[in-house]
Amino acid sequence: MIETVTVSTAKMYLNKIVRELDRTDGALVIRNMRTNDCVVVLAAHKWHSELETLLGEAFDC
């Protein structure tokens, strides 16, 4: 069975992950094991200029 959480709970988990990644300059890969699709979450401040080059636009972080 697929776990279901409320939006509030999901936001709490995501905020915790983002704070931890920011604190450690870390990265996290979230992978859908069924489709093998993934999302990478990383501390943007460490990679700011590289991300702007990759994305082709400036952003605030």
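## Exercises on a strand pair and a surface patch

Ile30 stands opposite Val39 in strand 2. Keep that pair in mind as you work through this predicted model.

**Exercise 1.** Work out how strand 1 and strand 2 are arranged, and what links them.

*Solution.* Start with the limits: strand 1 covers residues 27-31, and strand 2 covers residues 38-42. Next, look at the direction: the two strands pair in the antiparallel sense, over 5 bridges. Check this against facing residues: Ile30 is across from Val39, and Val29 is across from Val40. Finally, follow the chain from one strand to the other: 6 residues lie between them, and the two strands form a hairpin. In its turn, Asn36 has a positive phi of about 65°.

**Exercise 2.** Find the nonpolar surface patch that includes Val29.

*Solution.* Begin with Val29 and the residue opposite, Val40. Both belong to the patch, and Leu42 and Trp47 complete the group. Together, these four side chains' residues have about 340 Å² of accessible area.

**Exercise 3.** Is Thr24 buried, partly exposed or exposed?

*Solution.* First, place the residue: Thr24 is in helix 1, which covers residues 7-24. Then take its relative accessible area, 42%. Buried means under 20% and exposed means over 50%, so Thr24 is partly exposed. As a last step, compare Thr24 with Cys38: they are 14 residues apart along the chain, and their C-alpha atoms are separated by 21 Å.

Notes
Residues are numbered from 1 along each chain as its sequence is written. This is a predicted model: local features need pLDDT of at least 70, side-chain atom pairs count only at pLDDT 80 or more; totals for chains, interfaces and linings use all residues. Side-chain values use heavy atoms; hydrogens and water are left out. Patches are made of residues with over 30% relative accessible area and no salt bridge: like charges are joined within 9 Å, nonpolar side chains (Val, Leu, Ile, Met, Phe, Trp, Tyr) within 5 Å. Accessible areas come from the Shrake-Rupley method with a 1.4 Å probe; for residues, only the protein chains shown count as cover. Helices (H or I, at least four residues) and strands (E, at least two) are DSSP runs, numbered from the N terminus. Two strands pair if DSSP finds at least two bridges between them. Buried means under 20% relative accessible area, exposed over 50%, partly exposed in between (1.4 Å probe, protein chains only).
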